[in-house]
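Biologist: I would like a close look at one part of this model.

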Amino acid sequence: MKTKTFLSKLQNHPEAELHFQYAPGQWVRPDYHITEVKHLTIDAVDCGGRSDAWKETIVQLWEPTEAAPTTTPMLSRKALKIFDTVAQIKAFVEEAEIKFEYGNERFPTAQLRVDDVRMEDQKVFIHLSPSITDCKAKDVCVLPEEKIRSTANICAPGSGCC
């Protein structure tokens, strides 16, 4: 989801509670806090030697070590205030993909993409999921399984395999 789309959804429901699901049936505790917003510029080269660049917005969610007694999560307006503070210092790239960084004792820290944002009874449910890795140069770099198994030195320098 693009940063501007996510922020727009919050702006449309300023009094709604924000609930984050980081895995099926697993929710970030209601005492979470947004601790950091990162504006990332990725400048990469894939295994096929092709250069690529893109931007991402990473929002870090944190749960205190000791659970607070609150049962009500952050409201959209409070999150928007944090995002406004960030924007005054470093402007958002509205077309950047927004992700959430989260981890706890049972779930390793990961950057999670937004799969769905759903509004229900003054609550915004934000469903997150991990991204999977992928080879961006499959057309030039990935060999059929049988060729990998049958050829011992297929990825020698100059062979076209990465």
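A request about one strand follows, and then a single connected answer. Where does strand S5 stand in the order of the open sheet, how many of its six residues are buried, and which residues is Phe-100 in contact with, leaving aside its neighbours within four places in sequence?

Modeller: This is a predicted model, in which local features need pLDDT of at least 70 and side-chain atom pairs count only at pLDDT 80 or more, while totals for chains, interfaces and linings use all residues. Residues are numbered from 1 along each chain as its sequence is written, and side-chain values use heavy atoms, with hydrogens and water left out.

I begin with the setting. The chain has four helices and seven strands; these are DSSP runs, numbered from the N terminus, of H or I over at least four residues for helices and of E over at least two for strands. Along the sequence they follow the pattern α-β-β-β-β-α-β-β-β-α-α. Of the 162 residues in the chain, 35% are buried, where buried means under 20% relative accessible area, exposed over 50% and partly exposed in between, with a 1.4 Å probe and protein chains only. Contact here means heavy atoms within 4.5 Å. Among contacts with a separation of 6 or more, 66% are between residues 24 or more positions apart.

The seven strands form an open sheet with mixed pairing, in the order S2-S1-S7-S6-S5-S4-S3. Two strands pair if DSSP finds at least two bridges between them. S5 thus has S6 and S4 beside it in that order. The edges are held by S2 (26-27) and S3, each with a single partner strand, so one side of each has no neighbour in the sheet.

S5 and S4 run parallel and are joined by five bridges. Two of these can be named: Lys-99 in S5 is the bridge partner of Ile-58, and Phe-100 is the bridge partner of Val-59. S4 in turn is joined to S3 by twelve bridges, and that pair runs antiparallel. His-33 and Trp-62 are bridge partners there. S3 and S4 form a hairpin with five residues between them, and Gly-49 in the turn has a positive phi of about 85°.

S5 is mostly covered, with five of its six residues buried. Helix H1 lies across S5 as well as S1, S4, S6 and S7, and runs at about 75° to S5; axes are lines fitted to C-alpha atoms, for helices over the stretch in contact, and angles run from 0 to 180 degrees between N-to-C directions. H2 lies across S1, S3, S4 and S7, at about 50° to S3.

Phe-100 is the residue to follow inward. Apart from neighbours within four places in sequence, Phe-100 is in contact with Phe-6, Phe-20, Val-59, Leu-61, Ala-110, Gln-111, Leu-112, Val-114 and Leu-128. Phe-100 also belongs to the largest nonpolar core, a set of 31 residues in which Phe-6, Phe-20, Ile-34, Phe-83, Phe-100 and Ile-126 touch the most other members. Such a core is a set of buried Ala, Val, Leu, Ile, Met, Phe, Trp, Tyr and Cys residues joined through side-chain atoms within 4.5 Å. S5 (97-102) is one of the elements that each supply at least two residues of this core, as are H1 (3-11), S1 (17-23), S4 (51-62) and S6 (110-120). H2 gives the most, with five residues. In soluble globular proteins, nonpolar side chains tend to be buried together.

The aromatic side chains come next. The whole structure holds eight aromatic pairs; rings of Phe, Tyr and Trp (its six-membered ring) pair if their centres lie within 6.5 Å, and planes under 30 degrees apart count as stacked, over 60 as edge-to-face and the rest as tilted. Tyr-22 and Tyr-102 have ring centres 4.8 Å apart and planes at 40°, so this pair is tilted. Tyr-102 lies in S5 and Tyr-22 in S1, so the pair ties together parts that are 80 residues apart in sequence. Both Tyr-22 and Tyr-102 are buried. Phe-100 has ring company too: ring pairs link Phe-6, Phe-20, Tyr-32 and Phe-100 into a cluster.

In short, S5 stands between S6 and S4 in the sheet order, is crossed by H1, and has five of its six residues buried.
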